[in-house]
Amino acid sequence: MNDGPPIPQQERLGGFPHAEGGNGSETLAMNGGSFAGSPGGLLDPNLKAVEEVVNSEIGVSTLLNRLKQSLASAKEFAAFLKKRSTLEEEHSSGLKKLCRTTSDSIRRPDHRHGSFLQSYEEANAIHERMADSGAQFAISLHQMHEDLLEMAANIERGRKHWKTNGLAAEHRAADAESAMKKSKAKYDSLAEDYDRARTGDGQSSKKFGLKGPKSAQQHEADLLRKVQAADSDYATKVQAAQSQRQELLSKLRPEAVKSLQELIKECDSALTLQMQKFASFNEKLLLSNGLTVSPLDDHEQKKHRSLREVVHAINNEKDLSDYLSGFTSKVGPRNAELRYERHAVLSPGGQNAANPQRQSDPPSSSLQSRPGPPQTNTGPPVQTHQSQASQPFNQSSVGNMQQHQRSFSQGPSFQQYGPTTAQPLGPTQSGLQGPSYNSGPVGATGPPQLSTLPFQATQTHAATHSAPQQSQQPPPSFQSQQLNPNMYSQSPISAGGSTLPPLKPVFGLTLEQLFERDQSAVPMVVYQCIQAVDLFGLEVEGIYRLSGTSSHIAKIKAMFDNDASTVDFRNPENFFHDVNSVAGLLKQFFRDLPDPLLTQEHYAGFIEAAKNDDDIVRRDSLHAIINSLPDPNYATLRALTLHLNRVQESSGSNRMNASNLAIVFGPTLLGANTGPNIQDAGWQVRVIDTILQNTYQIFDDD
């Protein structure tokens with residue numbers, strides 16, 4: 001790179017004139033008595049110090065370092081502008097996308113219309129205009145970033161040029177002065193030797209040379225010639241150093257200093273200008289957004305309402321009125337007046353004195369009412385408590401002795417509603433069907449406790465239950481039986497345990513048989529066991545993996561086989577505070593099913609579905625087979641799966657995750673303990689694990 005044409009003297013260092021002193025040094029004065037770049041032409045208090053630095057040997061290197069700092073600052077601000085531009089662009093594009101999405105969604109029929117829709121669309125338009133302003137701001141910042149980088153690249157090229165030329169001139173002058181100093185040292189040394197030889201201070205009068213010994217005169221003549229040659233070389237080196245120094249001080253250094261100062265000023269000015277533009281653009285953006293959100297009221301060209309005005313324009317009452325009035329054409333004819341009409345059978349003239357008095361359930365109950373027992377003596381009848389209609393788990397007739405079902409209230413004991421003498425029980429109406437006891441969860445007070453059931457008595461009527469009669473009339477021995485007033489105070493544990501008679505057996509029957517008999521899709525034993533584990537076993541480590549006490553399991557099993565509707569596991573005393581035995585009983589119930597829960601009919605389909613390696617295909621295949629299960633099986637599987645999902649959600653405490661539960665329940669629910677199914681144990685575990693992993697994809701959680 002060439003240095004270009006020589007710069008006039010008065011233009012060097014920004015107009016700094018130079019004056020040559022008698023000792024070869026020069027002093028620089030500031031143009032007009034002020035330091036270049038100072039605002040308003042004010043005198044720089046550091047003028048003298050600045051002159052000393054820029055005119056010294058470190059002037060060029062110091063200015064190069066200062067220019068390097070300016071370039072670094074410009075590049076840093078350019079990087080800031082780029083990042084800020086990216087953020088603004090992302091914000092504006094995201095805001096536009098949000099506005100488009102909201103605009104499409106708000107017009108759907110399932111959203112409000114009327115004044116709300118109009119105001120919402122105007123507010124959306126305000127945000128779109130703000131997004132446009134942000135996008136323009138981002139474009140401006142990106143352009144500023146590119147301008148700064150271009151300026152920095154140009155300044156960097158100038159810096160490299162003057163770094164090469166300026167420092168080279170300094171080095172040449174320094175090298176000339178160094179050579180002069182070496183020549184002077186040699187010249188002084190030879191002059192001293194010559195002086196000693198001339199005055200006779202030498203140690204010997206003869207000196208040995210290449211051609212033999214020299215006399216003192218010869219030696220003195222040789223030294224004189226050497227001194228004269230050194231003197232000539234020294235004078236030449238001095239002239240060369242003076243020439244280099246003169247050129248450096250008069251031309252090269254001022255040119256380098258001036259150019260570097262101009263580059264520094266250019267870089268700093270450009271950086272300051274871009275920062276001023278950045279501040280101005282920020283003000284413009286905020287002002288634009290402010291006017292978009294709230295235009296000036298006195299603006300002559302006000303085209304849009306402010307955001308406040310848009311929101312205040314929403315008329316909720318008018319929107320509601322308009323919406324409701326739109327359905328006027330769909331209003332049907334007014335219904336006739338509701339009146340109470342008494343049935344003729346219940347009229348005073350329509351009752352037969354010989355017939356027994358009837359007591360029906362309240363009309364508000366969803367269950368069918370059943371007649372009371374006929375009266376065979378002169379005593380008052382045993383009244384049935386009205387809360388029987390609200391019992392979800394035991395709603396059969398009191399007199400249905402063929403099915404051994406009895407319904408008791410949840411309040412005081414049985415003897416409070418009649419005398420201690422038992423009334424004879426009449427036949428049930430063959431046209432009425434017993435309601436389902438699975439119509440809802442346990443009520444606020446729960447099903448009756450075992451302490452209120454008559455089967456706990458030690459009297460002889462237990463033998464009557466061991467052989468149910470097929471006729472509609474109960475045996476005479478039961479009609480004459482006397483009730484013991486203290487027979488209901490016994491606890492479940494003291495009531496005989498596993499010696500209870502199997503009045504309504506549960507274990508060993510198919511789910512279809514239980515459904516036909518009890519009209520409940522989920523057997524009561526499954527419901528009560530799930531309830532007990534949910535309340536008391538979710539935090540028990542190894543639940544369903546650890547075995548319970550066999551004696552406890554046998555006693556609890558006898559309680560369910562006697563009358564499942566009387567068991568209430570919300571009280572842990574009813575299962576001996578042994579939740580592992582409850583879990584074992586639930587597994588035993590599924591093992592004792594004649595047909596497994598997932599049925600032998602669909603067994604092959606489940607195994608084939610489990611062999612699919614694709615998780616989605618396997619899940620959908622199992623889902624399709626589950627949907628084809630019989631209603632009792634589907635309902636029971638759904639209740640069990642939702643319960644086991646709650647168990648695995650507490651696996652941090654009970655350490656029973658989906659895989660562990662699948663190992664326990666796979667053979668139990670698919671029936672792997674008989675026949676060739678044992679070979680499919682791994683696939684059975686995979687079936688249950690897939691169901692548990694996709695609980696809410698297969699079953700809803702209503």
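These legends go with close-up views of a predicted model.

**View 1. Two aromatic rings, F507 and F589, meet edge-to-face.** Look for the two rings with their centres 5.7 Å apart; their planes stand at 85°, so the pair is edge-to-face. F507 sits in the loop between helix 8 (476-479) and helix 9 (511-518), while F589 belongs to helix 12 (residues 579-591), so the pair ties together parts that are 82 residues apart in sequence. Are these two residues buried or exposed? Both F507 and F589 are buried.

**View 2. Y544 and F665 form another edge-to-face pair.** Here the ring centres lie 5.1 Å apart and the planes are at 70°, so this pair is edge-to-face. Y544 is found in the loop between helix 10 (524-536) and helix 11 (550-563), and F665 in helix 17 (residues 658-670), so the pair ties together parts that are 121 residues apart in sequence. With 0% relative accessibility, Y544 counts as buried. F665 also has 0% relative accessibility and counts as buried.

**View 3. D563 takes part in a salt bridge and touches T566.** The side chains of D563 and K504 meet in a salt bridge, at 3.8 Å from N to O. D563 lies in helix 11 and K504 in the loop between helix 8 and helix 9, so the pair ties together parts that are 59 residues apart in sequence. Both D563 and K504 are buried. Zoom out a little to follow a network of salt bridges that links K504, R517, D518 and D563. Now find T566, in the loop between helix 11 and helix 12. A polar atom of the T566 side chain lies 2.7 Å from the backbone oxygen of D563. T566 is buried, with a relative accessible area of 2%.

**View 4. R655 and E541 join distant parts of the chain.** Why might two such side chains meet? Side chains of opposite charge can pair when their charged atoms come close. In this view, R655 and E541 form a salt bridge of 3.9 Å, N to O. R655 is in the loop between helix 16 (651-654) and helix 17, and E541 is in the loop between helix 10 and helix 11, 114 residues apart. R655 counts as exposed at 57% relative accessibility, whereas E541 is partly exposed at 43%.

**View 5. Four residues make a nonpolar patch on the surface.** The members are L320, Y323, L324 and F327, and together they have about 430 Å² of accessible area. To get your bearings, start from L320, which lies in helix 6 (residues 316-325).

Conventions: Residues numbered from 1 in each chain as written. Predicted model: local features only at pLDDT ≥ 70, side-chain atom pairs only at ≥ 80, totals over all residues. Heavy atoms only, no water. Patch = residues over 30% accessible without salt bridge, like charges linked within 9 Å, V, L, I, M, F, W, Y side chains within 5 Å. Areas by Shrake-Rupley, 256 points an atom, 1.4 Å probe, with all protein chains shown as cover. Helix = DSSP H or I, 4+ residues; strand = E, 2+ residues; numbered from the N terminus. Phe/Tyr/Trp six-rings, centres within 6.5 Å; stacked < 30°, edge-to-face > 60°. Buried < 20%, exposed > 50% of the residue type's maximum accessible area, 1.4 Å probe, protein only. Polar contact = N/O pair within 3.5 Å; in protein donor to acceptor, adjacent residues only side chain to side chain.
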